[in-house]
Amino acid sequence: MSALLERLAELGGVQHEFKGMTSVTVPKRAVLDALRAARADGLEMLTDIHGMDYLTYPGHTGKRFAVIYNVHDVAGRRRLFIRVDLDDGETLPTATGLWSGASFLERETFDMMGVVFDGHPDLRKLLTPEDLEGHPHRKDFPLGETPTLFGDGRFLDPASFRAGLSGRDQGLTGWKGGARDGVVASQTPKAPGTAQRPEKSGS
Amino acid sequence: MSKGTVVKHDTELGAFDTQHMRINVGPQHPSTHGVLRLVVDLDGERIVSLRPHVGYLHTGFEKTMENRTYQQGVTYSNRMDYVNGFAHDLAYILGVEKLIGARVPERAQRVRVILTELNRIASHLVFFGTTLLDMGALTPFFYTMREREVLQDIFESVSGVRMNYGYYRAGGLYRDVPEGFEEHVRGFLDSFPRYIDQYKTLWMENDILLARTKGVAVLTREQAIDLCLTGPSARASGVELDYRKGQPYSGYDDYDFHVPVYTEGDIWARLAVRMDEMVESAYIVRQALDRLEPGPIIDPDRRISLPPRRELENSMEAVIFHFKLVTEGFHPPRGEVYVPTESARGELGYYIVSDGGSMPYRVKVRAPSLANLQSLEPSSKGGLFADMVINIASFDPVLGDVDK
């Protein structure tokens with residue numbers, strides 16, 4: 001593994017460790033070389049290719065998207081995540097030349113995240129209907145929920161209600177469960193996320 | 001509907017042209033094991049090309065889980081693979097536990113192993129019933145459903161439902177197993193070897209089955225690796241990958257079992273691997289039952305698990321923790337985790353990204369059935385159309401697992 005990590009560092013890879021998982025971020029041009037190097041080192045199997053959209057990730061400064069290749073050896077003991085950072089509109093070379101099984105995985109990534117893989121023999125949508133516009137796993141894809149109506153014209157907007165719970169906002173009470181990093185316990189509580197119902201237009 | 005390449009024939013009876021016939025299979029057909037559509041090009045009865053069309057069951061579970069708390073995620077995970085729900089629950093929960101660093105008590109680990117392995121047996125029983133049904137044998141379906149019924153009763157007694165269990169919790173289990181659970185499982189284990197013997201005599205040594213499966217739809221080891229095939233189907237082609245051995249989770253390294261591997265790569269091997277796996281699973285369950293000691297079933301850390309019901313009556317603090325966990329849930333630290341597990345179909349793992357909030361920022365399910373479906377064309381090509389039907393079944397796809 002260390003020889004492989006050196007080789008990936010030569011290709012411009014940056015290594016991260018988290019809870020025993022090793023991932024290496026490589027530049028876009030080196031992705032196929034990195035996959036070849038991994039395969040030559042015994043990480044012969046490709047398990048998954050998937051996209052990430054960091055649009056609303058708090059404190060994220062780099063490129064918006066990332067594509068993650070999940071490779072491992074045949075015994076299932078060693079695993080490596082090879083990551084590529086991408087901006088919207090950037091394309092990646094296809095890995096179907098290395099593993100023909102990459103075909104469906106790339107189609108799924110294209111369908112869900114809108115990442116285009118150059119040279120893919122049959123890059124069509126995989127899971128969503130053909131007439132669906134957009135890529136559902138992008139963070140700006142609308143969820144299509146209906147606000148809940150209460151008395152006196154108050155309504156609860158699901159998205160802002162959840163934002164309160166998710167930690168991206170201070171939430172209903174400001175309580176963070178104690179296990180969250182970087183959160184000061186003495187945050188001021190905030191009133192529930194209610195809003196006035198918008199005026200009907202055109203009546 | 002026919003369309004395709006013109007093939008020229010020059011026989012002693014004279015020269016003539018034929019065309020490949022394109023036919024549509026599914027999406028609604030019993031032999032496709034769910035809503036799977038195949039577009040097959042045929043030259044006579046031989047398959048020239050086969051393209052699967054999936055997505056009819058796409059429900060957007062991953063996106064939904066990104067908008068629910070970590071604990072609510074268990075409601076969705078088992079709905080993907082409805083035949084093998086405990087495996088999905090376990091894969092998801094292991095990811096969450098890795099994020100929050102939960103310490104799962106030993107009893108919970110043992111119960112998880114018992115239920116997950118019993119579910120693997122139940123899933124393989126469905127596999128055998130439906131595969132042999134596709135081959136034209138009706139009786140095996142009733143045999144396997146009879147055994148599965150006992151397992152379903154066990155799952156029902158434990159989780160309250162016969163499908164979509166949602167029994168695992170981050171840090172342990174929802175509640176302890178009911179009284180009589182051990183006897184119930186032991187009763188099944190005692191009767192199961194006799195059934196396995198029956199199956200082996202009735203099916204695996206059956207001339208018709210051998211004629212239809214031996215040497216049919218062969219997939220070599222190189223092909224299996226190239227096609228990202230995992231699970232029992234890959235082990236039938238000689239890929240010795242099993243995460244219970246490779247990266248043991250839930251204490252699988254404690255148990256003595258071996259991983260059946262066949263090198264033939266044909267449909268018969270894919271059946272035989274699963275038959276042997278049922279025996280091994282039953283053996284693991286027996287070991288886990290023998291070592292099942294009384295004890296706590298959930299991590300007592302108040303930040304992740306609900307306080308016991310009795311404390312709510314006399315402790316204000318417990319009420320506060322209860323309220324907070326129910327309304328908001330816990331907040332794992334930032335990070336990205338993936339725990340590979342071995343489901344009845346192959347490698348199953350949840351790639352979970354936390355942004356420090358109480359809902360996952362991103363959940364990506366590595367579902368085995370989707371990747372496994374790609375092996376259908378290379379193995380069916382050049383074979384008979386009638387064999388393709390068994391071949392679909394032999395990869396054991398669950399379309400909920402494919403479409404997510």
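Here are three short exercises on this predicted model, each with a worked solution. Residues are numbered from 1 along each chain as its sequence is written, chains are lettered from A and ligands numbered from 1 in the order in which they are written. Local features need pLDDT of at least 70, side-chain atom pairs count only at pLDDT 80 or more, and totals for chains, interfaces and linings use all residues.

**Exercise 1.** Work out which strands stand at the edges of the open sheet in chain A, and which helices pack on the sheet.

*Solution.* Start with the vocabulary: helices (H or I, at least four residues) and strands (E, at least two) are DSSP runs, numbered from the N terminus. Two strands pair if DSSP finds at least two bridges between them.

- Step 1: The 5 strands of chain A run in the order β1-β2-β5-β4-β3, with mixed pairing.
- Step 2: β1 (14-18) and β3 (45-53) of chain A each have a single partner strand, so they are the edges, and one side of each lacks a neighbour in the sheet.
- Step 3: On average, neighbouring strands are turned by 25° against each other, direction ignored. Axes here are lines fitted to C-alpha atoms, for helices over the stretch in contact, and angles run from 0 to 180 degrees between N-to-C directions.
- Step 4: Within chain A, β4 (residues 65-72) and β5 (residues 79-86) run antiparallel, joined by 8 bridges. Ala66(A), for instance, has Asp85(A) in β5(A) as its bridge partner.
- Step 5: Helix α2 (residues 31-40) of chain A touches β4 and β5 of chain A, its direction making about 180° with that of β5(A). Helix α3 (residues 102-113) of chain A touches β3 and β4 of chain A, at about 5° to the direction of β3(A).

**Exercise 2.** Describe how α4(B) and α5(B) pack.

*Solution.*

- Step 1: Helix α4 (residues 106-134) and helix α5 (residues 139-159) of chain B pack at about 155°, with axes 9 Å apart.
- Step 2: That angle makes α4(B) roughly antiparallel to α5(B), a label for angles over 145 degrees.
- Step 3: Among the residues that meet are Leu118(B) and Phe128(B) in α4(B), and Phe141(B) and Leu151(B) in α5(B).

**Exercise 3.** Find which element of chain A gives the most to the side that touches chain B.

*Solution.*

- Step 1: Chain A has 41 residues in contact with 49 residues of chain B, where contact means C-beta atoms, placed from the backbone, within 7 Å.
- Step 2: β3, α3 and α4 (158-166) of chain A each supply at least two residues of that side.
- Step 3: β3(A) gives the most, with 6 residues.

Notes:
Two residues are in contact if their C-beta atoms, placed from the backbone, lie within 7 Å. Angles under 35 degrees count as roughly parallel, over 145 as roughly antiparallel, 65 to 115 as roughly perpendicular and the rest as oblique.
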